[in-house]
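Take a look at the model below. This short report picks out some ring contacts and one pair of helices.

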Amino acid sequence: MQHFLIGNLTTDALPHQWFTLGGTCFILLMSVVVVLFLTYTKRWKWLWTEWLTSTDPKRIGIMYIIMASLMLFRGALDAVMIWLQQALSSGASYGYLDPSHFQQIFTAHGDIMIFFVTMGFLFGLLNFIVPLQIGTRDLAFPFLNSLGFWLYVAGAVFINLFFVIGGDFAATGWLALPPLSELAFNPGTGVDYWIWSLQISGLGTMLGGINFLVTIIKMRAPGMTLFRMPMFTWTALLSSSLVVAIFPILAATIALLWLDRFFGMHFFTAGFGGNMMMYVNLIWTWGHPEVYVLIIPGFGIYSEVVSTFSQKKLFGYYSMVAAAFGITGIAFVVWLHHFFTMGAGADVNAFFGIMTMIIGIPTAVQIFNWLLTMFRGRIIFKTPMFWFLGFISTFTFGGIAGLLLASPAADFQLHNTLFLVAHFHTMVIGGALFGIFAGITYWFPKVTGFRLNERLGKYAFWCWLVGFFTAFTPLYLLGLMGATRRLDHYDAGTGWQPLFITALIGICIIGIGALLQVLQIFVSFKQRKENRDLTGDPWNGRTLEWATSSPPPHYNFAVIPTVESRDAFWNMKQKGLTKPKNYQDITMSKNTGLGIYLSGFIFLLGFAFVWHILWLGILGFAGAIICVIIRAYDDDTEYVITASELRQLEEKETLH
Amino acid sequence: MADNNIQPVEHEHNDRVIFGFWVYLMTDLTMFAVLFAVYAVLRNNTFGGPTAGELLKLPQALAETLILLTSSFTCGLAVLAANAGSKKQAYLWFGITFLLGATFLGLELREFSHLLADGQSFRNSGFLSAFFTLVGTHGLHITVGLFWIAVSMVMMHVRGLTASIKSKLVRLGLFWHFLDIVWIFIFTIVYLMGAAR
């Protein structure tokens with residue numbers, strides 16, 4: 001009976017270690033604060049009707065960015081804990097973490113930073129900016145967008161749930177490679193939490209990918225041919241196509257791992273004819289294109305930033321698009337470079353090594369295009385431009401380290417060392433994350449109606465850049481000296497401790513940068529009256545998102561603009577802007593709470609699988625199906641803003 | 001004026017939904033591609049147990065294939081009937097499609113239960129895990145399809161052949177044909193190639 005009611009749950013699953021107790025207390029405390037705040041300010045209804053149930057991509061985008069920021073805090077805390085342990089744990093000292101806990105931390109750090117921070121930020125920016133850039137009012141499937149966001153949230157809750165119930169996260173590394181992740185070696189629920197966190201948030205990502213693909217292909221403003229699309233939209237399109245192509249692979253692969261664990265199958269087990277190398281191949285067929293999913297939109301952001309602040313059109317637009325296509329295509333044929341040492345043979349290794357070097361070429365084309373965009377431009381050095389220039393230096397540095405790793409012969413020496421860790425952090429922080437920061441600073445006035453404080457932004461940038469090199473240069477050196485990754489202890493005779501301490505100092509400097517960013521938002525909010533953007537076009541922009549007010553009305557454009565060239569808004573300004581006169585009725589999608597309910601039921605289903613609770617699984621499954629049917633046959637999902645209402649709204653806007 | 005406005009919007013919306021559904025089908029296909037690849041890697045890893053050729057019965061698989069192909073044909077007729085606005089015909093052909101699909105599913109479950117009764121469980125070897133998962137995932141999709149047909153028929157009864165229902169039936173048709181194509185590959189790679197060795 002007890003097993004029927006609560007499955008494998010026992011009191012052992014309640015928090016009893018210092019970190020689970022701490023995590024649980026923190027989660028409870030934050031929840032209490034939020035609940036009190038909402039109740040005190042009477043904002044529950046407002047939150048529910050205006051935000052949580054919203055299908056407006058701008059609101060969903062903002063919620064994505066808030067969620068990703070929270071997860072960045074969690075992931076960064078993990079990073080500090082890892083480095084503190086490594087700085088302390090030399091010789092006679094064993095640091096403050098036991099090995100199993102250390103393993104859980106680096107696993108969670110990797111997963112959180114990839115799936116919930118970088119992906120969250122990117123989907124946030126895509127949601128806000130892409131519809132504006134292509135001159136449309138919404139995404140193709142507003143409900144799926146809301147659902148995708150809530151699945152992402154459910155996944156994020158899942159990856160933190162072990163603090164409260166379970167006590168252990170996967171201690172396997174971020175990709176949970178078998179046979180370590182199999183039941184025989186990881187009998188706890190940690191890997192199951194990992195599986196369902198990724199499975200649920202991955203489903204959300206896939207829905208998002210389909211949505212953006214269809215939106216960009218089908219819903220561009222009249223006159224916006226493919227080759228008139230802004231570069232950020234191009235990269236959003238390519239990144240979404242990658243998502244659509246690879247996330248099914250991730251879903252299938254971890255589903256097979258789950259079948260091994262749940263039904264005792266033998267896909268990746270060490271015995272019974274399983275093949276664990278197949279998992280490594282499959283997960284990296286997803287995993288390598290995934291890093292391009294993360295970086296390609298960054299390239300788009302840099303293209304927008306550099307051309308706006310150089311006050312020139314983007315240099316080599318066609319070669320830029322071709323390069324982005326090249327990267328997208330070659331991304332599929334480089335995955336094996338993650339495991340040259342597996343023993344696929346010299347010929348296979350050589351092919352993938354050469355492909356990996358070749359993918360550097362389109363990337364270099366883009367870098368030269370950006371530099372040539374700046375050449376003879378009238379450059380304005382605002383904060384986004386700082387992030388861009390910081391990116392150029394870090395990314396080129398990390399890219400060259402990557403070319404070194406691409407050679408199988410060198411890789412045999414460097415495989416699994418901190419050199420590799422340093423390389424991919426250079427790409428993900430110096431490439432993707434700097435791009436996200438550039439994008440957030442650049443589009444912040446569009447989203448909120450006021451600019452961010454420049455001085456604090458630049459201080460934050462310098463802390464990040466200096467901190468970044470202080471933290472990761474030692475890792476390159478350590479890797480060359482043979483320090484493997486994921487070490488929770490090393491011998492004092494290696495002489496590595498000073499370098500590990502330097503790295504710890506580096507992350508402290510980065511931490512100051514992050515604090516400055518928080519302060520920057522706070523200060524800018526206080527000074528919002530001085531920094532208000534009344535024109536909707538604070539940077540003298542070139543693309544359509546600047547053609548509407550800041551923040552944009554929920555329908556984005558009262559009249560859909562007609563595009564006559566690339567850099568559409570720039571050319572409109574050259575010709576002289578005219579106020580539209582003829583308004584027409586427009587249809588907008590209604591808000592709905594179904595996305596929340598549906599993802600809630602899917603969450604319950606995942607929870608039931610983790611703890612083997614049959615009735616809860618049936619409940620979650622049935623609930624999810626009922627939600628889908630309700631939505632599918634709901635024909636009343638849209639409402640109309642009539643032309644006269646629209647005129648009133650627009651006139652009120654002008655009076656402001 | 002209002003009518004003139006609504007027509008193109010409706011059409012555009014349909015266009016978008018169908019395209020989005022195609023993209024979804026491609027993601028599902030990619031997932032099947034992974035399962036096929038896994039089966040190809042594991043099909044000889046029988047761990048001392050019988051091989052595909054020894055276990056699987058071609059005549060039954062052939063019968064399943066013919067049944068599913070016929071159901072694809074009747075499903076096509078059903079969608080045509082729905083588009084032509086003939087509710088009776090649509091009921092008839094979707095009904096036949098449902099029966100054929102259910103027969104297919106029954107045969108597949110019969111095969112599974114025979115295998116399990118013979119002690120050939122998915123726990124025995126990498127090969128059997130891959131076999132049950134690949135064929136079972138297709139069967140799961142067929143189950144979803146059957147459920148979808150049933151719900152569609154109920155909604156068609158309640159609401160009639162509205163534009164929104166027609167558009168959903170077109171997608172249902174696409175889904176069903178998609179499953180047919182996947183089955184052709186399962187028949188070839190699992191059954192025919194299994195018997196050939």
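## Rings and helices

Over all chains, a search of the whole structure finds 87 aromatic pairs. One of them joins A:Phe388 and A:Phe391, in a tilted arrangement. The ring centres are 6.3 Å apart, and the planes make an angle of 40°. This model is predicted. A pair of aromatic rings is described by the distance of the centres and the angle of the planes. The angle of 40° counts as tilted because it is neither under 30 degrees nor over 60.

Where do A:Phe388 and A:Phe391 sit along the chain? Both belong to helix H13 (residues 383–406) of chain A. They are three residues apart there, so about one helical turn separates them. A:Phe388 is buried, with a relative accessible area of 0%. A:Phe391 is buried too, at a relative accessible area of 0%.

Rings can also have a charge over them. Here are two cases in chain A.

| Charged residue | Ring | Distance to ring centre |
|---|---|---|
| A:Arg542 | A:Trp570 | 4.2 Å |
| A:Arg566 | A:Tyr317 | 3.7 Å |

In the first row, the charged end of A:Arg542 sits over the ring of A:Trp570. In the second, A:Arg566 lies over the face of A:Tyr317.

Now turn to chain B. Helix H3 (residues 58–84) of chain B and helix H4 (residues 87–117) of chain B have axes that come within 8 Å. These axes cross at roughly 160°. H3(B) is therefore roughly antiparallel to H4(B). Their crossing is left-handed. Which kinds of residues make up the contact of H3(B) with H4(B)? There are 15 nonpolar, seven polar and four charged residues.

Conventions:
Residues are numbered from 1 along each chain as its sequence is written. Chains are lettered from A and ligands numbered from 1 in the order in which they are written. This is a predicted model: local features need pLDDT of at least 70, side-chain atom pairs count only at pLDDT 80 or more; totals for chains, interfaces and linings use all residues. Side-chain values use heavy atoms; hydrogens and water are left out. Rings of Phe, Tyr and Trp (its six-membered ring) pair if their centres lie within 6.5 Å; planes under 30 degrees apart count as stacked, over 60 as edge-to-face and the rest as tilted. Helices (H or I, at least four residues) and strands (E, at least two) are DSSP runs, numbered from the N terminus. Buried means under 20% relative accessible area, exposed over 50%, partly exposed in between (1.4 Å probe, protein chains only). A charge sits over a ring if NZ of Lys or CZ of Arg is within 6 Å of the ring centre and within 35 degrees of the ring normal. Axes are lines fitted to C-alpha atoms, for helices over the stretch in contact, and angles run from 0 to 180 degrees between N-to-C directions. Angles under 35 degrees count as roughly parallel, over 145 as roughly antiparallel, 65 to 115 as roughly perpendicular and the rest as oblique. A crossing is left-handed if the near helix is turned anticlockwise from the far one by less than a right angle, and right-handed if clockwise. Ala, Val, Leu, Ile, Met, Phe, Trp, Tyr, Cys and Pro count as nonpolar, Asp, Glu, Lys and Arg as charged, and the others, Gly among them, as polar.
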